[in-house]
Amino acid sequence: MAINVKPVPTLDPRINEIRDLTARIVNKEILPYERMLANRWKRDASEKEKDEAKARAATIKSKVKEAGIWAPHLPPEYGGSGLSFLEHAYMNEILAYTPGGAALFGVVAPNSGNQTILLKYGTEEQKRKWLVPLTEGKMESGFSMTEPDSPGSDPRSIKTTARLENGEWVINGHKWFTSNGFRADFLIVMCRTEGAGRDTGRMTQIIVPTNTPGVRIVRGVEVWGRPSDHCEIVYENVRVPEENALGSAGSGHKAAQDRLGAGRVFHCMNSLGQMWRAFDLMVERASMREVHGGVLATKQFIQGFIADSYIDIQSARLMTIRCAEMMENGGDPRTDISAIKIYVPAAYQRVVDRAIQVWGAAGVSGDLPLAGMYMGARTLRIADGPDEVHRILIARNVLARYGSGEGWDFGN
Ligand SMILES: Cc1cc2nc3c(=O)[nH]c(=O)nc-3n(C[C@H](O)[C@H](O)[C@H](O)COP(=O)(O)OP(=O)(O)OC[C@H]3O[C@@H](n4cnc5c(N)ncnc54)[C@H](O)[C@@H]3O)c2cc1C
């Protein structure tokens, strides 16, 4: 089923145009070839199937470039289309209708986050050496922050150290869940560069080429019982030049926050696109499948699933758009970012769960995208800050406001 995208009367005409361009590519160029495209990653696909899928992907990418919406997060001088924050956010909702769609539009995590950070914090030399090849697809990268021996939800506890010695950083530490670790040509590694204190001004992100002596990729950590490229990596007396620090020493935590702020809105818009797909699939199946003398859509249990999913999607979408608009208008979006980071993945999980239920065994099979979506939704409740940490942040902001003698203004 194609995604049904019509102009939204209250939206900027350029955003409507981008939504429309994206939907045309999704509907015409991607959805009919979705299963074929999946062969790019399938371990049991033949070489012929892989080549066919890669050729199709290349055709789609050239159509995206022709439409002027390639790599929305990058400015034209780095090969992107330089979309504004809101244009990019609305585009994500549509492209995520098809799983893996982002890569076909030039947005590949964790490269895209690294590109954004290199753009903002990189020197001209770092941009030339790392950002340009990354945007040209000649290099791959990873972001190495989380550690097995310290809680990722408390970034001030990071143990990996980097000390300066004769113009070089000497890095020692143990990371895991560094996504894209096997393919990465370089890693942006979050290090403690000063002392043992807990303040955030002691962290620095350092660019480490993966082939530097002392970088040891231990394994890809299995995720949901499957092999993955989320890698465990040991850094042992790894030496890189002092100029590989990204931004000034001590700016690492701030840079990580920058990466996550807008990124969380983009992730939520992606989740909304996937919820939209799950909803379409659920309604489609409910309208066709006959059980006990009638199609599923005539059963009240299933009507309840449809209504609850509708409510989940609309509420998640409105919260996300409110947060995006607040960011765009220069407001303080911190409470709303935490709210959507909790609410949207949970709503996404509920919507996909119902769609799986309606499809029965087919719902958990590899024939539909629902099983992958379910795992993705559940994982999102941990990655980029677990639910509990964001609940604490919301409560802290609310209590501070009331503590200062002011109530919460839900209109602003
Ligand atoms: C598929 C996947 C890909 C990832 N990719 C990357 C990557 O590319 N690079 C990278 O650096 N990291 C990556 N991560 C790691 C991710 O960012 C961390 O898992 C996340 O930050 C949580 O850290 P943690 O796993 O150490 O959990 P912990 O910090 O140990 O937290 C565990 C649990 O404790 C609870 N908790 C935490 N704090 C509090 C509190 N204050 N009060 C009450 N309860 C609390 C929460 O329930 C939380 O889920 C990835 C993770 C996954 C699953």
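Trainee: What share of the 412 residues in the chain is buried?

Mentor: Keep in mind that this is a predicted model, where local features need pLDDT of at least 70, side-chain atom pairs count only at pLDDT 80 or more, and totals for chains, interfaces and linings use all residues. Numbering runs from 1 along each chain as its sequence is written. Buried here is a residue with 20 or more other C-beta atoms, placed from the backbone, within 10 Å of its own (exposed is 12 or fewer, partly exposed in between). On that count, the buried share is 39%.

Trainee: Which residues are closest to the ligand?

Mentor: The cut-off is a C-beta atom, placed from the backbone, within 6 Å of the molecule. The ligand has 21 residues around it, and the closest are Met145, Pro151, Gly152, Ser153 and Pro386.

Trainee: Which helix gives the most to the shell around the ligand?

Mentor: Helices (H or I, at least four residues) and strands (E, at least two) are DSSP runs numbered from the N terminus. Strand 1 (141-144), strand 3 (168-178) and helix 12 (387-403) each supply at least two shell residues. The top contributor, with 3 residues, is helix 12.

Trainee: Between which domains does the ligand lie, and why?

Mentor: The bounds come from an automatic or database domain assignment. Shell residues come from both of two domains, so the ligand lies between domain 2 (141-249) and domain 3 (254-403).

Trainee: What radius of gyration does the chain have?

Mentor: It's taken over C-alpha atoms, and the globule rule is 2.2 Å times the number of residues to the power 0.38. For 412 residues a compact globule would come out near 22 Å, and the chain agrees because its value is 22 Å.
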